[in-house]
Structures are given as structure tokens and as C-alpha cells.
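Here is a set of exercises to work through with the model open beside you. Try each task before reading its solution.

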Amino acid sequence: MNNKDLRTAVPDMPLSFARKMDETLERIENMEAKKRKVSPRALIICAVLLVTLIGSAIAATEYRVFDFLWHMNPLDGAENLIETNVGVYENEYVRVAIEEAAYDGQGVMLYIRATPLKPDTHPLYASLMNTENDSDWVYKFTTYEDGSGMSEFLGRADGKEFVSFGVSITVKDENGKEIWLDSWDAKEDADGSVILYADGFSDEKLGETAVLTAKVRTHLCAPDATRKTSFPEGEITHTMPKTDDARNYKLIPVSTEDAPHFDLLGGSISFTPVRGYMTIQYAYQEREDEPMGVTMKPCMPDGTEITVGSGGWTMLGEENGFDIIEGLSEIQSYETLPETIIIRVKVIGEARYLCDIECRVVEE
């Protein structure tokens, strides 16, 4: 059975779910590493491994959409992919504007600002905001017998009405392929504005354009957080062109250390000015001493790890007692790669490596 047969025989795990699972496991082994910005996705989006950044990168930029990429640097020229003033929704209490957007043919990043139009009397609230330690907002924390707990939002401490808002976004290319924006972050500016970052990427390359549809929902709420008035849903639509071609490479295994229950089948890397996307196919036989499986760490020939961001995996099938798996990760973008790189196979949750596999890099 070949990989094509396996793909058709076994349903793929949704990439968004796989990314969350993979990031959660990575957090277990990196609790002492520098933490990623707190992401509100059900509290399971977590830190990615931070290593030395290498390569040509933007030293400073007037744009803010790339602030979400704290763990890797876009290349010079990435600013050419940014569109500004994408669209606006406004009612009498709030103005929601998509101020910056970047589409690179596989991933999308957005910088969104919600501005209160009556900040003194009607402040803004979004569920993505981290306001539990803010004295203006009231929460009730309940601890259960098993030691777990839950925080419940109750409203304003000062008796003010407030405006709750949310933004849901879909992005599809001209062929209907979709990018799931499953990484979100939020912060409050000094003037009471709320900044939202949204980020996501597809598990395959997309078309020349991508249509963004943002739906904005707003509610005027009483101080005790009971809903009072729902405003008509607003919508922002915009077509984003892909303005730069990706550079594509195949990874061909040429040597491997002895790992009888692991086999690297092949891989690929695609670089855009924003970031890279690495896909690895491998066969793995689960062992009792590796209950969480393995993860791939790309390295330069001298062993220096290439920065890896979020990612996930898809189960393609099973063959001769081995799981056939495809992993996808965002990685630091480079102008060029050496003739070979190393794929370091690491046991998730442990400081233990199975093997280093040298791969020949072939530009497509």
C-alpha cells in the first residue's frame, strides 16, 4: 500500500485539532522556556520551543501584524505582503477595523482593532481579553473537590454598562480551500481599544487569491453581564492577493542512525518571506517507553536547531505494524538552505533523541 492509498483509506485529523494537541505536548517539555503570549483558545494553545533565530530578517517594521510571530522573524520583503485598512464595521458604540492583513499563499495573519466610541461610559469587553486581574472587571472563581476550578465572568465592578463584541473570520481561496484561523491573541491599549491578532495556515498551498469574510457581533450589556441589546451582525469582506511566490524544496533522507522503530520517508519545505512550512512523512512504531510519540526538529549541518513554531500531525494509515504519519510545522524562513540539513527525532516530553537523519535539500 502506498501513501496515496493510505490517504484515501483513512480520514485526516483536522489540522486545527492536531496543532492544538501538538502544541500542548510541547508545552509539557518546555515549561521553563520563554512562554508564548497567552492565547485564549480554550487555554490549550501554549508555548512553542524558542531557539536561536538565524538568517536574514526584518530588524524593525512599522507594521504590527507580525508581532504575533514573536518566536521567528519574517524576511526582508515580507512587508510587501501586508495590506492595510482592509475593512471597517461600526455602530454607535464600537468601531471594529481590520487594520493589517498578510496572505502568503498558505497562511494568513490579521491585526484587528476595536475602538470604543463612548469609552467613558461604555467600555469594551471581549472573551479573548485577559481581564481576570483587572479590578474593573468582576470574576468568581470556584474550586472543585478534585482541585480543579473554573473562573466565571460576572461583569463590571464600577456599575457601568459595557459593550461585548466578537469577531469570527473565514478565509477561503478561489478553489474553496480554507485556512483555519485557530491562533488568536488579544490585548488592551491604554485608550481602551482592544487589539486582536489572528493567525492560521493550511496544510497545503492555496491559490492566487483568498477571500476574507469577517462577521462582527456586538451586544450592549448590563453591569451584571446580562445581555441587554444585540446589534445587527456586521460583515467585512476582502479579497487578498498572493504577492510573492514560495521557494520549494524536497527533503531526501540520505543517512540515518539506528532507530529500528522509526523511518523517515521524506519531506518538503516551502519558504515565503513571512515564514516556512515544513512537512515530514515518517513511519513510527509506538513503544511503551515513548507514550507521547516523537517530534521532528530541523537543524543546520552543525546541529543548530532551526526555529519551529506551531504545527500538528495527520495519521495516514498503518503498514506492517507501523503508523504512517505526516507532520506539518511552521518554521523560520530562510533565503537559502545548505545542501543538507538534519532532522532530529526527539521523544516528546523527554530530553531524549532517537536519531539524527541527514537529508539532502533539493530545490524544486
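## Exercise 1: A charged pair between two strands

Glu235 has a relative accessible area of 46% and is partly exposed. Bear in mind that the model is predicted.

**Task.** Find the salt-bridge partner of Glu235, and say which strands the pair links.

**Solution.**
- Start with the partner: Glu235 forms a salt bridge with Lys215, with 2.6 Å between the closest N and O atoms.
- Next, place both residues: Lys215 sits in strand β11 and Glu235 in strand β13, 20 residues apart, so this pair links distant parts of the chain.
- Then check the partner's accessibility: Lys215 is at 27%, and buried means under 20% while exposed means over 50%, so Lys215 counts as partly exposed.
- Finally, look at how the strands are paired: β11 (residues 209–221) and β13 run antiparallel and are joined over eight bridges. Val211 stands opposite Thr239 in β13.

## Exercise 2: The two faces of β13

**Task.** Which side chains of strand β13 point to the buried face, and which to the other?

**Solution.**
- Recall the general pattern: in a regular strand, side chains alternate between the two faces of the sheet.
- Apply it to β13 (residues 234–241): Gly234, Ile236, His238 and Met240 point to one face and are buried.
- Take the remaining residues: Glu235, Thr237, Thr239 and Pro241 point to the other face and are not buried.
- Follow one of the buried residues inward: Met240 is among the contacts of Val171, which also include Val108, Leu181 and Leu212.

## Exercise 3: The nonpolar cores

**Task.** Which residues of the largest nonpolar core touch the most other members, and which elements contribute two or more residues?

**Solution.**
- Begin with the core itself: it has 36 residues, and Leu110, Ile169, Val171 and Leu181 touch the most other members.
- List the contributors of two or more residues: β1 (82–90), β2, β3 (107–116), β7 (162–173), β9 (183–188), β10 (194–201), β11 and β13.
- Look beyond this core: apart from it lies another, of 29 residues, among them Leu264, Ile306, Ile325 and Leu337.
- For background, nonpolar side chains tend to be buried together in soluble globular proteins.

## Exercise 4: Two open sheets

**Task.** What is the strand order in the five-stranded and the eight-stranded open sheets, and which strands are at the edges?

**Solution.**
- Take the five-stranded sheet: its order is β1-β2-β3-β10-β9, with antiparallel pairing.
- Find its edges: β1 and β9 each have a single partner strand, so one side of each has no neighbour in the sheet.
- Note the turn: neighbouring strands here are rotated by 15 degrees against each other on average, direction ignored.
- Zoom in on one pair: β1 and β2 run antiparallel and are joined by seven bridges. Thr84 has Glu100 in β2 as its bridge partner.
- Move to the eight-stranded sheet: the order is β17-β20-β21-β14-β15-β16-β19-β18, again with antiparallel pairing.
- Identify its edges: β17 (294–299) and β18 (308–319) each pair on one side only. The twist in this sheet averages 25 degrees from one strand to the next.
- Inspect one edge: β17 pairs with β20 (residues 340–347) in the antiparallel sense over six bridges, and Thr295 stands opposite Lys346 in β20.

## Exercise 5: Glu99 and more salt bridges

**Task.** Is Glu99 buried or exposed, and which salt-bridge network includes this residue?

**Solution.**
- Locate the residue: Glu99 is found in strand β2 (residues 94–103).
- Use the cut-off: buried means under 20% relative accessible area, so Glu99, at 15%, counts as buried.
- List the surroundings: leaving aside neighbours within four places in sequence, Glu99 is in contact with Arg64, Glu83, Thr84, Asn85, Tyr111 and Arg113.
- Turn to another pair: Glu233 forms a salt bridge with Arg217, the closest N and O atoms lying 3.0 Å apart. Glu233 is in the loop between β12 (227–230) and β13, and Arg217 is in strand β11, 16 residues apart.
- Complete the picture with the network: salt bridges that share partners join Glu99 with Arg64, Glu100, Arg113 and Asp189.
- Put this in context: the whole structure has 20 salt bridges.

Notes: Residues are numbered from 1 along each chain as its sequence is written. This is a predicted model: local features need pLDDT of at least 70, side-chain atom pairs count only at pLDDT 80 or more; totals for chains, interfaces and linings use all residues. Side-chain values use heavy atoms; hydrogens and water are left out. Two strands pair if DSSP finds at least two bridges between them. Helices (H or I, at least four residues) and strands (E, at least two) are DSSP runs, numbered from the N terminus. Axes are lines fitted to C-alpha atoms, for helices over the stretch in contact, and angles run from 0 to 180 degrees between N-to-C directions. Buried means under 20% relative accessible area, exposed over 50%, partly exposed in between (1.4 Å probe, protein chains only). Contact means heavy atoms within 4.5 Å. A nonpolar core is a set of buried Ala, Val, Leu, Ile, Met, Phe, Trp, Tyr and Cys residues joined through side-chain atoms within 4.5 Å. A salt bridge is a side-chain nitrogen of Lys or Arg within 4 Å of a carboxyl oxygen of Asp or Glu.
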